[in-house]
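Colleague: I should like to request a close look at the charged side chains of this model, with enough of the surroundings to place them. Please write for a student who is new to reading structures.

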Amino acid sequence: MDRYYWKLYFDSATIKQAEDLRQEICILSTGVQIHMDVYEQPDHNAPVLIFNHGGGGYCRFFVPLALALHQRGYTVIVPDQRGQGYSEGDRTDFTIGELVQNIVDVAYWARVRYTGKLFLGGASVGGGLTYSAAAAGAPVDAIICHNLYNFGDPH
């Protein structure tokens, strides 16, 4: 993936603000390095939102959202799931279970690093992954699911 492709979407002031605030951190999950953009507050007791992209998306699609929430006092973490964005992994061969585990692992990483309330959010398939990660034991206080995705027959 072209590391600078995301800059085509935003004006120069937004790009500069994101680059000044953003940290890039990787953790190991499901055998690969999972990339996260982290917009950290100086106060580690600030509320934390982990926001998950949908299928075919990646962390940098959500720069304006991350900046807006950061300005309102949140630490914002936007991970790329396995095989997507800047994370390692085959872009054509991953399971829903692996993506859910990536989110669970990011949440545990955040819970160790930060002491504030921890929220999970997601859009499109990221909403379904968020819901599934909370059900799988991600240590969160609340979830926000936009456009909850149906993974298949509920029976």
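How many positive and how many negative side chains does the protein have, and how far apart do the centres of the two sets lie?

Modeller: The model is a predicted one. The protein carries 11 positive and 16 negative side chains, and the centres of these two sets are 6 Å apart. A search of the whole structure finds eight salt bridges. Three of these pairs can be followed in turn, once the frame that holds them has been set out.

The frame consists of four helices and six strands. Followed along the sequence, these elements give the pattern α-β-β-β-α-β-α-β-α-β. The radius of gyration is 15 Å, close to the 15 Å that the globule rule gives for 155 residues, so the protein is as compact as a globular protein of that length. Along the principal axes, the C-alpha atoms fill a box of roughly 50 × 35 × 30 Å. Of the 155 residues, 48% are buried. Among contacts between residues at least 6 apart in sequence, 65% join residues at least 24 apart. The protein exposes about 7,600 Å², of which carbon and sulfur atoms supply 54%.

The pair to begin with is Arg 22 and Asp 37, a salt bridge whose closest N and O atoms are 3.9 Å apart. Arg 22 belongs to strand E1 and Asp 37 to strand E2, so that the pair links distant parts of the chain, 15 residues apart. Both Arg 22 and Asp 37 are buried. These two residues also belong to a network of salt bridges, in which Arg 22, Glu 24, Asp 37 and Arg 60 are linked.

Between strand E1 (22-29) and strand E2 (32-39) there is a loop, and Thr 30 is found in this loop. The phi angle of Thr 30 is near 50 degrees, a positive value in a residue other than glycine. Thr 30 counts as partly exposed because its relative accessibility is 27%, which lies between the 20% limit for buried residues and the 50% limit for exposed ones.

The next pair is Arg 113 and Glu 40, whose side chains meet in a salt bridge with an N to O distance of 2.9 Å. Here too the pair links distant parts of the chain: Arg 113 is in helix H3 (residues 96-113), Glu 40 is in the loop between E2 and strand E3 (48-52), and the two are 73 residues apart. Arg 113 is partly exposed, with a relative accessible area of 31%.

Helix H3 also takes part in the last pair described here, a salt bridge between Glu 98 and Arg 82 with its closest N and O atoms 3.7 Å apart. Glu 98 lies in helix H3, while Arg 82 lies in the loop between strand E4 (75-79) and H3, 16 residues away in sequence. Glu 98 has 22% relative accessibility and therefore counts as partly exposed. Arg 82, by contrast, has a relative accessible area of 13%, which is under 20%, and so it is buried.

The region around helix H4 completes the surroundings. Ser 124 lies in the loop between strand E5 (118-123) and helix H4 (125-135). The phi angle of Ser 124 is near 60 degrees, again positive in a residue other than glycine. Ser 124 is partly exposed, with a relative accessible area of 37%.

Within H4, the buried residues include Val 125, Gly 126, Gly 127, Gly 128, Leu 129, Thr 130 and Ala 133. The buried residues of this helix pack against E3, H3, E5 and E6. Thus H3, the helix that holds Arg 113 and Glu 98, is among the elements against which buried residues of H4 pack.

After H4 comes Gly 137, whose phi is positive, near 110 degrees. Ala 138 is found in the loop between H4 and strand E6 (142-146). With a relative accessible area of 7%, Ala 138 falls under the 20% limit and is therefore buried. Leaving aside neighbours within four places in sequence, Ala 138 is in contact with Val 104, Ala 107, Leu 120 and Ala 133. Ala 138 and Leu 8 are 130 residues apart in sequence, and their C-alpha atoms are 34 Å apart in space.

Technical notes
Residues are numbered from 1 along each chain as its sequence is written. This is a predicted model: local features need pLDDT of at least 70, side-chain atom pairs count only at pLDDT 80 or more; totals for chains, interfaces and linings use all residues. Side-chain values use heavy atoms; hydrogens and water are left out. Buried means under 20% relative accessible area, exposed over 50%, partly exposed in between (1.4 Å probe, protein chains only). A salt bridge is a side-chain nitrogen of Lys or Arg within 4 Å of a carboxyl oxygen of Asp or Glu. The radius of gyration is taken over C-alpha atoms; the globule rule is 2.2 Å times the number of residues to the power 0.38. Contact means heavy atoms within 4.5 Å. Accessible areas come from the Shrake-Rupley method with a 1.4 Å probe; for residues, only the protein chains shown count as cover. Lys and Arg count as positive and Asp and Glu as negative; His and the chain ends are not counted. The place of a charge is taken as NZ of Lys, CZ of Arg, CG of Asp or CD of Glu.
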